Amino acid sequence: RMFHDDELEESEKFYVGQPRVLLLIYALYNTLVARSEMVCYFVIILNHMISASMITLVLPILIFLWAMLSVPRPSKRFWMTAIVYTEVAIVIKYFFQFGFFPWNKHVDYTKDKPYHPPNIIGIEKKEGYVHYDLVQLLALFFHRSILKCHGLWDEDEKGDSSSNKEDTDDELSLTGGRRDSSASLKSVNLAASVESIHVHFPEQQTAIRRKSISSISQLSHRSSFSSHRSKRAVFKNMNHSTLSLYFLQCKLCVIESHCGLCCFRTLQVYVPIRQFFYNLIHPDYSAVTDVYVLMFLADTVDFIIIVFGFWAFGKHSAAADITSSLSEDQVPEAFLVMVLIQFGTMVVDRALYLKKTVMGKVIFQVILVFGIHFWMFFILPGVTERKFSQNTVAQLWYFVKCVYFGLSAYQIRCGYPTRVLGNFLTKSYNYVNLFLFQGFRLVPFLTELRAVMDWVWTDTTLSLSSWICVEDIYAHIFILKCWRESEKRYPQPRGQKKKKVVKYGMGGMIIVLLICIVWFPLLFMSLIKSVAGITNKPLDVSITITLGGYQPIFTMSAQQNQLKSLDPNEFNDFLRSYRGNTAALQFLEGYAREDITRADLEGNSNSLWTISPPSRKKMIQGLLDFDADFTVVLSWTIQRTLEEVYPYYIKAPSDSLAKPIKQLLRDCKWENITVSLVKNVSEEGVREWWVLNQLGKRQKTPQESLELFIFSDKVSPPSLGFLAGYGIMGLYASVVLVIGKFVREFFSGISHSIMFEELPNVDRILKLCTDIFLVRETGELELEEDLYAKLIFLYRSPETMIKWTREKT
């Protein structure tokens, strides 16, 4: 071995011999040290999510627009800014915790108000006001110690001084080599009548240039690339010299007028920021990467959070879920705005990715960072009428959006890929990619929207229909390629029958699936109420009886204590009374003891009978005429004579229409009731009311009363009400028939697609599609037309297709 050290070997043996738990702790610590920068970012964002104030808002914005965009890592100036800012924030919060400030006298009243000024600024009095700030400061000092340990803390200053020296040399060579004159301008003392102003020339920070290893490697580069680099270097040198001259003019303005001092101070801030973003958009070197898939997944997660937690972005936090709101044909405004904004940002991000414009991505990043933070921490609390720190769903959405901001900054720093070839799911040919790709194509309108957007923002000579044709062929060939690769990995010998595991596994699963689809509505409607159903007991039972269309003679209702459930003995006696009645027993099979309610209604009407004398006289004449029919009108619109008029058993289904139960009536006859008019003469006058009494009551009572049994059907849970509301026929029409149509398309028409399905080897066709994508990205549009015509000819010619798809020999 080239290097041997006994102490290192002993140390390695010592660590290997430690317990696994201790090794895990070592590994976690090493991970923490290696990712200390990300730990600082996480703690800063977490502190802002919990505090949600203007004081904590500054550092997250600086993270996404400065730290994460710095190449190759954030500078010492950023970490010092974060440390000093955190220390100042801790002191400010501590100072405003004293009780002599006016806003600290009514803390309980103002602590939940989102637009209370101290709450917005972050200086309100509260318990644990500085805990997360201290954790943030600890994380920053930990990262600072890591950088110092590895010698990276002072690296930026050395790199800046060397690069500044080189830039100064270049500027002097362009301006005539007047080193002394430019150096004398580093510091200018301006004498005024009252005070003296000392103006410093700002140091221009530039990115650390990577030096070439040898001149031979430089000569191996193409001449076009070398000329491009030389032009860029000259342009950058001219840019630096122009900036120096610009600063010289500003300093001369300072000498002439005090107003020029403000301009100069503004330029001291503006010029470094402009130079920072210029170097970011025009880097000397870029490690091209592609994290669009991760950004898309982050946006998708945010989209799901909006859909399932949209109530957190509205005014009333106790609103129902989205299904109940949509079932009432109401689209919440907050939900609509959030969905449209989220979807719009995804479309813009896709357009920037296809156009590969870093400048557009930088502008979009700046707008999105400021816009999201302004909306989430200043507009949303006013809409929801609660602080951001009390909105868990909004906090989750913001955290996922911060992950997106980090990925977006990494994409900007590294640059977009030069070629975008195919779908990200088509990079490998295995079962995972196959099923994910097919699931991606099953999402409604997603495939079509992606194809149209790609056509709009990609340079091509193909028409939209031709583009879609190529995409469809490529998707079809990719699926076939995955199946052929699976056949190679798991070959089936010739003449050998299929294994039972495959037959019963795949075939049995399909059989069970088809049976479940066919009988799903019946099983669903049967089990949803018998197993998962909720007992819906009546809250009020009312009876109204009218004689011959005159004023109601009896009105009574039963509530609360008058509605009683049957005990086990009463329920068993009730069932035994119908032992010989098959129809009644069949009906009672669908009801349990808790579904039956007995309503005890008093026999005395709860309202006086105030009929007019002429109507009273006519009603008496009608009752005395036995040859004429005299009707009794009940509240459920059933008209009968006084005999057999009382239903006794009523079914309360899930809808609002209550019906009598004929299966439980003896000989299908209703119960008899007695009706009598009571007259009371007193000093106040004559009062009359009707008294009704049921003859065949189960609960024998001496008072005049009515007894009524209510059978309540179970109702579906609220979460499944949107399915149960369609009924059996609705489920069959919407589920079984629709799914059956897709299944029928899979099993029928196979003979027409044999030519395009049974392709032994699809590598050549797949390469042709990939070549179309490649020449499109390289700008060879004429060649793209030729390859597309070749692909179309291939699908039009069966003989050529057979030659192209033969197995390689």
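The following paragraphs lead from the overall make-up of the protein to a helix pair, a nonpolar core and several individual residues.

The structure is a predicted model, in which local features require pLDDT of at least 70 and side-chain atom pairs count only at pLDDT 80 or more, while totals for chains, interfaces and linings use all residues. Residues are numbered from 1 along each chain as its sequence is written, and side-chain values use heavy atoms, with hydrogens and water left out.

The protein contains 31 helices and 13 strands; these elements are DSSP runs numbered from the N terminus, helices being H or I over at least four residues and strands E over at least two. Of its 809 residues, 35% are buried, a term that denotes under 20% relative accessible area, whereas exposed denotes over 50% and partly exposed the range in between, with a 1.4 Å probe and protein chains only. The accessible surface amounts to about 49,100 Å², and carbon and sulfur atoms make up 62% of that surface; the areas come from the Shrake-Rupley method with a 1.4 Å probe, and for residues only the protein chains shown count as cover. Among contacts with a separation of 6 or more, 72% join residues 24 or more positions apart, a contact being heavy atoms within 4.5 Å.

A helix pair can be examined next. Helix α4 (residues 54-67) and helix α5 (residues 76-95) have axes that come within 10 Å and cross at roughly 175 degrees. Axes here are lines fitted to C-alpha atoms, for helices over the stretch in contact, and angles between N-to-C directions run from 0 to 180 degrees. The two helices, α4 and α5, are therefore roughly antiparallel, the class for angles over 145 degrees, as against under 35 for roughly parallel, 65 to 115 for roughly perpendicular and oblique for the rest. Residues making the contact include L59, L62 and W66 of α4 and F78, Y85 and I92 of α5. By class, the contact of α4 with α5 comprises 13 nonpolar, three polar and two charged residues; Ala, Val, Leu, Ile, Met, Phe, Trp, Tyr, Cys and Pro count as nonpolar, Asp, Glu, Lys and Arg as charged, and the others, Gly among them, as polar. The loop between α4 and α5 holds P72, and the peptide bond from V71 to P72 is cis, with omega near 0 degrees.

Both helices also contribute to the largest nonpolar core. This core has 67 residues, and those with the most contacts inside it are F64, W79, F313, M376, W397 and Y398. Such a core is a set of buried Ala, Val, Leu, Ile, Met, Phe, Trp, Tyr and Cys residues joined through side-chain atoms within 4.5 Å. Among the elements that give it two or more residues are α4, α5, α8 (131-149), α16 (333-355) and α18 (392-414). Helix α18 provides the largest share, 11 residues.

Two loop residues deserve attention for their backbone. A52, in the loop between α3 and α4, has a positive phi of about 55 degrees although it is not a glycine. A52 is buried, at 18% relative accessible area. E385, in the loop between α17 and α18, likewise has a positive phi, near 60 degrees, without being glycine; E385 is partly exposed, at 49%.

Two leucines complete the picture. L340 lies in helix α16 and counts as exposed at 55% relative accessibility. L134, in helix α8, counts as partly exposed at 43%.
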